[in-house]
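Notebook open, coffee at hand. Today I am looking up a helix pair, a strand and a couple of backbone angles.

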Amino acid sequence: MLDNILMALDNLRSNLLRTALTMLGVTIGVAAVIILLSVGQSFETFVRQQFEGLGVNLVFVIPNFEADDFQPLTFADADALANPSNVPDATLIMPQDSFNENVRAGANEARASVTAVTPAYPALFGRELGAGRFFDESELETNARVAVLEQGIALQLFPDSLALGQAVRIRDVQFTVIGVMSVGSGLSFASDDGIYIPITTAQTRLNNNRVLSGEQAVDIILVQARSPDVSADVNAQIQLTLRDVRGVSFRDEDNFAIISQNEVLDLLDEVTGLLTVFLVILASISLIVGGIGIMNIMLVTVTERTREIGLRKAVGAQNSDILLQFLTEAVILSLIGGMIGVVLAFGVTLLVTAVVPELDVQVQGSSVLLATAVSVAVGLLSGGYPANRAAQLNPIDALRYE
């Protein structure tokens, strides 16, 4: 085998330009597979991290708009879910309303996304205050006219002064700014033009939306599970509680929908995984082209070395020896091209990371092993036919070949 390897290297060195051009297809193919696989894995990690930035172990309860017995969610639903005996595996419950409104501060006016929440908001979404504080339970219970601003809307309304302690008007109702949020991370639901006010204040002074029973309606109820392991249990507890509270019979479908953060993350993993596979399949086309190039050049090599093959057979070489010789040459050709492709992939991933540092693209050891295995496989498959053709040559005909 060592003699075959040395002979293969000598033959490849004898025509460096042809060897380099033949390896180019495999080099590009291997580099493309590794780069796209690494970028796909990094993108999957990035998306998961960003989506996890929405909050911690969240479960979203929304109305089922397609249900025959459609009913909005209400404060009564939120109160039922907040009862520890109904949903023991939940740590925080928060009803939420959202609407867009023009907001004024002195002579300045801006379009804002007003979100009516409870003091649980920062803990639910992992948010921090950049200045001031968030409103507390006493302000929620007394319908206090206080507001917390995102940094973007704070700069729009107060470009020349600090927002804390200033007054803003929402539908001619005056609110006092008590806090400014820090910049959110990840795929936060928060918009840069967001304003947060107590949901009780919104219901009594801005949007007194009620259902037929007289209960105040809410857009969504957010639930925080104790841990990711009990997310499924929380879903079941929420479903049982709301079916009972809302009077849904055992034969009827739920008139609400439950979506857990884990379910969304699993769906995202499937989507990004399929996208990565699709990209790798596209990149593999380059490997097929590279394999065809190796097969073509090996056929030419067999033709050029016909007399050599006849001479080797005349002095006792077996068909298996000839087969192994040409297979070794094809594999080495493909393997060297693959190694160059790995080095090229490392360089490109470093460049991608420098340009888009958020992705932090890294070549995984598994990708290198896959590339090595693919290179060997390409060499074996593309060199198999030419090597077999060389092994089957009649030694007498080969010796007479000109």
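**Entry 1: a helix pair.** I started with helix H3 (residues 75-82) and helix H8 (residues 231-245), which pack at an angle of about 135° with their axes 10 Å apart. That angle makes H3 oblique to H8, because the roughly antiparallel class begins only over 145 degrees. I also noted the handedness: H3 passes H8 in a right-handed crossing. Next I listed who touches whom. From H3 the contact takes in Asp77, Ala80 and Leu81, and from H8 it takes in Ile238, Thr241, Leu242 and Val245. Sorted by character, the residues of this contact come to 5 nonpolar, 1 polar and 1 charged. All of this is read from a predicted model, as is everything below.

A reminder to myself: two packed helices are described by the angle between their axes and the distance between the axes.

**Entry 2: strand S6.** I moved on to strand S6, residues 146-149. Are its faces covered or open? Both are covered: Val146 and Val148 are buried on one side, and Ala147 and Leu149 are buried on the other. The split fits a rule I keep on the inside cover: in a regular strand the side chains alternate between the two faces of the sheet.

Then I checked the partners of S6. Which way does S6 run relative to strand S8 (residues 173-181)? The two are parallel, and 4 bridges join them. Within this pairing I found Val146 opposite Thr176 of S8. With strand S9 (residues 194-198), S6 pairs in the antiparallel sense, over 2 bridges. Here Val148 is the residue I looked up, and Tyr196 of S9 stands opposite Val148.

**Entry 3: positive phi.** I went looking for backbone angles next, with the usual background in mind: most residues other than glycine have a negative phi.

Asn143 has a phi near 55°, a positive value in a residue other than glycine. Where does Asn143 sit? I found Asn143 in the loop between helix H5 (137-141) and S6, so this entry leads back to the strand of Entry 2. Asn143 counts as partly exposed because its relative accessibility is 23%, and buried would need under 20%.

Asp172 is another one for the list: its phi is positive, about 65°, although Asp172 is not a glycine. Asp172 lies in the loop between strand S7 (167-170) and S8. Is Asp172 buried or exposed? At a relative accessible area of 52%, Asp172 is exposed, since the cut-off for that class is over 50%.

How values were computed. Residues are numbered from 1 along each chain as its sequence is written. This is a predicted model: local features need pLDDT of at least 70, side-chain atom pairs count only at pLDDT 80 or more; totals for chains, interfaces and linings use all residues. Side-chain values use heavy atoms; hydrogens and water are left out. Buried means under 20% relative accessible area, exposed over 50%, partly exposed in between (1.4 Å probe, protein chains only). Two strands pair if DSSP finds at least two bridges between them. Axes are lines fitted to C-alpha atoms, for helices over the stretch in contact, and angles run from 0 to 180 degrees between N-to-C directions. Angles under 35 degrees count as roughly parallel, over 145 as roughly antiparallel, 65 to 115 as roughly perpendicular and the rest as oblique. A crossing is left-handed if the near helix is turned anticlockwise from the far one by less than a right angle, and right-handed if clockwise. Contact means heavy atoms within 4.5 Å. Ala, Val, Leu, Ile, Met, Phe, Trp, Tyr, Cys and Pro count as nonpolar, Asp, Glu, Lys and Arg as charged, and the others, Gly among them, as polar.
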